[in-house]
Structures are given as C-alpha cells and as structure tokens.
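Student: I should like to work through this structure by question and answer. May we begin once it is displayed?

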Amino acid sequence: VTPSNPGYNYTPTNTETKTEEPTPTLDEKLTEKIGEKDTVKASISVEKSDDAITISEETLKAAAEAGKELVIMEADENGKTQIQWNIPTGSKIDGDASLSADLSTVKGNKALANILSDDKSNKNKGAVVEVNGNIPEGTTLRLRAEDIPGLKAGDKAVVYMLNEKTGKLEETTIGEIKLSSKGVITIPNVAEGTYVILPKANKDAVSLVKQVKATVSKKSVKLNKTATINFDLPHGLTMDDVKIKLTSSDPEGLQVSSKSLKFKPKKPGTYKVKIEIELPNGEKRTATMTITV
C-alpha cells in the first residue's frame, strides 16, 4: 500500500531485526574448553573484578570426567594476567567453587605492624594475600607481585598464615617459596584465609607442631566404652602424614591404642595419656591429656 499523502516520499525497504547473541557465561566458556580434544587443560581468561569467580559443581564434575585441569586467569584492563587459579583434575569440593584473592602490602597493615614491630628483617616488607571462597582441594594460586617492598623477582620468601583469633602468624606446610623471574608468587594447595609472605623467617611464628590440637570425641567417658582422641591438623596435613604415639599412665585401668587413637577405661579413676606427635618435617611435641572416669 502506497501512502496517499502526495508530500510523503515512500520507499519500500526490507528490514530485518537483528538480535545480539548473549555473552557466554563462565561455565559455558569452560564447558566448551573442556570439550576440546587433545588438551589436558581447559584455560580461559576473564577480566579481573571485585566479584568472586564462581564455577558450578556440574562444570567441575565435567572437567573431572574429561581429565582436564581448569585454569582461570584474571587479567587487568591491559590484558595482563594478575591472578591465576589452577584447579587440578578431580579436585574434591562440596557444591560450587568460589574463588577470590586480593593482594596488598604488609606496610600499612595495622595487625601486622604490631606482630612485626620487633622483626627488623620483615618490618614493612612483604605481601598479604586475602583468599576467600569455597576453594577446590589442591588448587594452586599465582599472583603477580609488583612493587611489593622486600620482594623481588627471583627472591626467596616464607609463607605464613595470619590467625585472626590469636593475632599471631602461623607456619604453613608451604614454608619457603621462590618468586618467579617475572615476580609471581605461587601458593600451592591454597585455602581460605590470610596469607602473609615475608622476605625472611619470623622467629615468633607458631610452629606447625604447636598448631596440632587434640580433643576427646565424648565429653563423658564410661567404663568399658570406647572413645577416640581426635586431632585438628594444620592445612595441608592429613593423619597419614603424622606419627602419633599414645601411652597410658595405667594400662590396666585405661587401655589406649596408637593405631586407632582410641581408648577404653577398665577401672574408675583419673588417668594421664601421654601424646607424642611427630610431623613430616621432623618437628616433635609431647602433650598430656587427663581422662577421668
């Protein structure tokens, strides 16, 4: 139909409405990479932001089934990778993965200023790495550490954890690391918490063996009933890594087993259980637990 208005110039045109394709989600990008053949890694780069990276449990399972390691690189506005997460094949986790890391300097951190006030080798030096989220077991975190006082490319450093409750630095199973030639800090088997990377060892840090805590599985222990001594270990250690020997002050009254870590009272009374602990690094500790029946 042509308009009847003579002052109207009408030209028929064929128009098509174009719809933009939705931007693929992180899970969709990873799924595509996981499906690629002849690769052992599914790697993608994302723009670094303040939001945590979330990977669904389904994507993690798909990567495990395909035997793929997941590599997520967080890049700045210039495309330069600042943070990298490496999630190994078949990494254990409950639910979706959530990954967040923030790098800052020791200098200006009030809590660390007090802790390191008498440590001349580390005062106002080193890096702080805040890690948050639901981190898959065995994940490796890499961060580009530029302009960090006391840390230079190729330097050695020592990795600690800051215990927010006690306000003390604690040794980690990571121990000493070496920054790469590009100044990258590598934290293997990373967990949620506050990491402190210092140029030198801190003599006041709580040793690994002193972080081991022993508790009894039952508040009240009855005659001829078995109870277990449980051990809380630093991150990165399992019971298979630790040697434990239990000794009863009266084996006839209280039977103990170093193998099962269980005990059974045979007579009423108060007993002492000597606990000897040895870690893979050679650290040893002896503690005593009182059991009243």
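**Contacts, cores and strands**

Tutor: We are dealing with a predicted model. Leaving aside neighbours within four places in sequence, I55 is in contact with L26, D27, L30, L60, I72, I87, D96, A97 and L99.

Student: Which residues touch the most other members of the largest nonpolar core?

Tutor: The largest nonpolar core holds 40 residues. I55, whose contacts were just listed, belongs to the group that touches the most other members. The complete group is I55, W85, L141, I187, Y195 and I197.

Student: How many residues are in the other core?

Tutor: This other core lies apart from the largest one. Its residues include L208, A227, I244 and L279. The number of residues in it is 22.

Student: What is the order of strands in the open sheet?

Tutor: The open sheet has 5 strands, and their pairing is mixed. Its edge strands, each pairing on one side only, are β1 (41-47) and β10 (184-187). From one strand to the next, the twist averages 15°. The order is β1-β3-β4-β7-β10.

Student: Which residue in β7 is the bridge partner of Q84?

Tutor: Strand β4 covers residues 81-87 and strand β7 covers residues 140-144. The two pair in the antiparallel sense over 4 bridges. In β7, the bridge partner of Q84 is R142.

Student: At about what angle to β1 does helix α1 run?

Tutor: Helix α1 comprises residues 26-34. The helix lies across two strands, β1 and β3 (69-75). Relative to β1, helix α1 runs at about 150°.

Student: Why is strand β11 described as largely enclosed by the rest of the structure?

Tutor: Strand β11 spans residues 193-198. A residue is counted as buried when its relative accessible area is under 20%. Strand β11 is largely enclosed because the number of its residues that are buried is 6 of the 6.

Student: Which residue of β11 stands opposite A127?

Tutor: Strand β6 (residues 127-132) pairs with β11 in the antiparallel sense, over 5 bridges. The residue of β11 opposite A127 is I197.

Student: And which residue in β11 is the bridge partner of V158?

Tutor: Strands β8 and β11 run antiparallel and are joined by 4 bridges. In β11, the bridge partner of V158 is L198.

Student: Which backbone nitrogen atoms does the side chain of N163 reach, and at what distances?

Tutor: N163 lies in strand β8, which covers residues 156-163. Not counting residues up to four places away in sequence, N163 touches K168 and E170. A polar atom of the N163 side chain lies 2.9 Å from the backbone nitrogen of K165, and this side chain also reaches the backbone nitrogen of T166 at 3.1 Å.

Student: What separation is found between the C-alpha atoms of N163 and G193?

Tutor: Along the chain, N163 and G193 are 30 residues apart. In space, their C-alpha atoms are separated by 8.4 Å.

Student: Is S248 buried or exposed?

Tutor: S248 lies in strand β14 (residues 243-248). Its relative accessible area is 11%, and the cut-off for a buried residue is under 20%. S248 is therefore buried.

Student: Which backbone oxygen does the side chain of S248 reach?

Tutor: Leaving aside neighbours within four places in sequence, S248 is in contact with L254, V256 and K272. A polar atom of the S248 side chain lies 3.1 Å from the backbone nitrogen of D250. The backbone oxygen reached by the side chain of S248, at 2.8 Å, is that of L254.

Methods
Residues numbered from 1 in each chain as written. Predicted model: local features only at pLDDT ≥ 70, side-chain atom pairs only at ≥ 80, totals over all residues. Heavy atoms only, no water. Core = buried A, V, L, I, M, F, W, Y, C linked by side-chain atoms within 4.5 Å. Buried < 20%, exposed > 50% of the residue type's maximum accessible area, 1.4 Å probe, protein only. Contact = heavy atoms within 4.5 Å. Polar contact = N/O pair within 3.5 Å; in protein donor to acceptor, adjacent residues only side chain to side chain. Pairing = 2+ DSSP bridges. Axes fitted to C-alpha atoms, helices over the stretch in contact; angles between N-to-C directions.
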